[in-house]
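Colleague: I'm new to looking at helices in a protein model. Could you walk me through how to read them?

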Amino acid sequence: MKNYALALIPGDGIGVDVTDAAMKVMQAAAARFGFGLTLETFPWSCNYYHETGAMMPEDGIETLRGFDAVFLGAVGWPETVPDSVSLHGLLLPIRKAFNQYANIRPHRLLNGVEGPLKASGFDILCIRENTEGEYSGAGGRVHQGKGNEVAVETSVFTREGVERILRFGFEQARSRRKHLTSVTKSNAQKYSMVFWDEVTRELATEYSDVTVSHMHIDAMAAKMVMAPEQLDVVVASNLFGDILTDLGAAIQGGLGFAASANINPDRSSPSMFEPVHGSAPDIAGKNIANPIAAIWSGAMMLDHLGETDAANAVLAAIELATAQGIGIRPGLHSTDQITTAILGALEK
Ligand code: IPM
Ligand code: MN
């Protein structure tokens, strides 16, 4: 029997609630499809920061490296640890260290879920560059607290980084509806974004079966509201992709439905799966967080591990539940009720 070693980082707030739910569904899928999942849980979080002075141990990355995948709930408890500290101590270093350069986020309405738009037939795969760009971390501050204080934060776009994320996008487009939209702001940002456009055009010649559109981020934001059904694969830089995928979450009914995968396509280190939502301190531990985003992220993990049938079954189970109205609106059902419904559907 195949067995996968999974590093579980519930993290903060509702990260704990939703990873619990997702792991119940993952174990049920493993039992049904005949593979094993061995979980090791790491308490790395803002609480851990309080106890140890760090979000994870110094050898945290090396510890995770031995696993087949990482599953993360959410990171952040801004009342006690500034987000800039907690995120740069856990989530962001994992994405970078493991070269998880493709952050994949599907945006479509699950069966039975109503979004805020009139449009319902959209199916967007957002592919966000996940290791450089506006999140490169290059910068600094001088003259802190003085009148002449300066803060600089530089976006870094490398040919390797831009080319590999676009190539990944083209491959995804090929396996879908063969349409790729590359999102930049090259009318205003004349170095990095013009460069990105150039690389897109270069690669397009290799993928002549894929139709390419170029859009500026501002127009793209409008399009995702006005005509999302015209979009297929969308590729964007780290920050642009971050913003667009919250918009994507909104049009698919909310962050409770938005799944994501941080993928290292060459598999030289583990990939990480996490819902798009944050730790939501206000509803943490109340058994009301929607676990669907986390469970769908789990399905993406199974797919990445090669357990395609199990992945499809989990997604089908989610939609069997939502088609019956389970979890389709905040406050309708508890975390446990939604999880139980999905577990029941998985047995069918
Ligand atoms: C996301 C989140 C993170 C990001 C934050 C928490 C650093 O918003 O995964 O979308 O910006 O990447
Ligand atoms: Mn985000």
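Modeller: Let's take a few helices in turn, keeping in mind that this is a predicted model.

Colleague: Which residues of helix α8 (residues 217–226) are buried?

Modeller: A bit of background helps here. An α-helix has 3.6 residues a turn, so residues three or four places apart point the same way. In α8, the buried ones are I217, M220 and M224. Looking down the axis of α8, they fall within an arc of 50°, so they line one face of the helix.

Colleague: What do the buried residues of α8 pack against?

Modeller: Their partners are the strands β5 (123–129), β8 (179–184), β9 (211–216) and β10 (233–236), along with helix α9.

Colleague: Okay, α9 next. How far apart are its end C-alpha atoms?

Modeller: They are 20 Å apart, and that agrees with the 20 Å expected for the 14 residues of α9 (residues 238–251) at 1.5 Å a residue. Its buried residues are N238, F240, G241, L244, T245, G248, A249 and I251. These cover an arc of only 170° around the axis, which puts them on the same side of α9. Just past the helix, G253 has a positive phi of about 110°.

Colleague: And how do I describe two helices that pack together?

Modeller: Two packed helices are described by the angle between their axes and the distance between the axes. Try α1 (residues 14–33) and α10 (residues 292–305): their axes come within 8 Å and cross at roughly 40°. That makes α1 oblique to α10, and the crossing is right-handed.

Colleague: Which residues meet there?

Modeller: From α1, V18, A21, A22, V25, M26 and A29 meet A294, I295, G298, A299, M301 and L302 of α10.

Key: Residues are numbered from 1 along each chain as its sequence is written. Chains are lettered from A and ligands numbered from 1 in the order in which they are written. This is a predicted model: local features need pLDDT of at least 70, side-chain atom pairs count only at pLDDT 80 or more; totals for chains, interfaces and linings use all residues. Side-chain values use heavy atoms; hydrogens and water are left out. Helices (H or I, at least four residues) and strands (E, at least two) are DSSP runs, numbered from the N terminus. The expected span of a helix is 1.5 Å times one less than its number of residues. Buried means under 20% relative accessible area, exposed over 50%, partly exposed in between (1.4 Å probe, protein chains only). The arc is that of the directions from the helix axis to the C-beta atoms. Axes are lines fitted to C-alpha atoms, for helices over the stretch in contact, and angles run from 0 to 180 degrees between N-to-C directions. Angles under 35 degrees count as roughly parallel, over 145 as roughly antiparallel, 65 to 115 as roughly perpendicular and the rest as oblique. A crossing is left-handed if the near helix is turned anticlockwise from the far one by less than a right angle, and right-handed if clockwise. Contact means heavy atoms within 4.5 Å.
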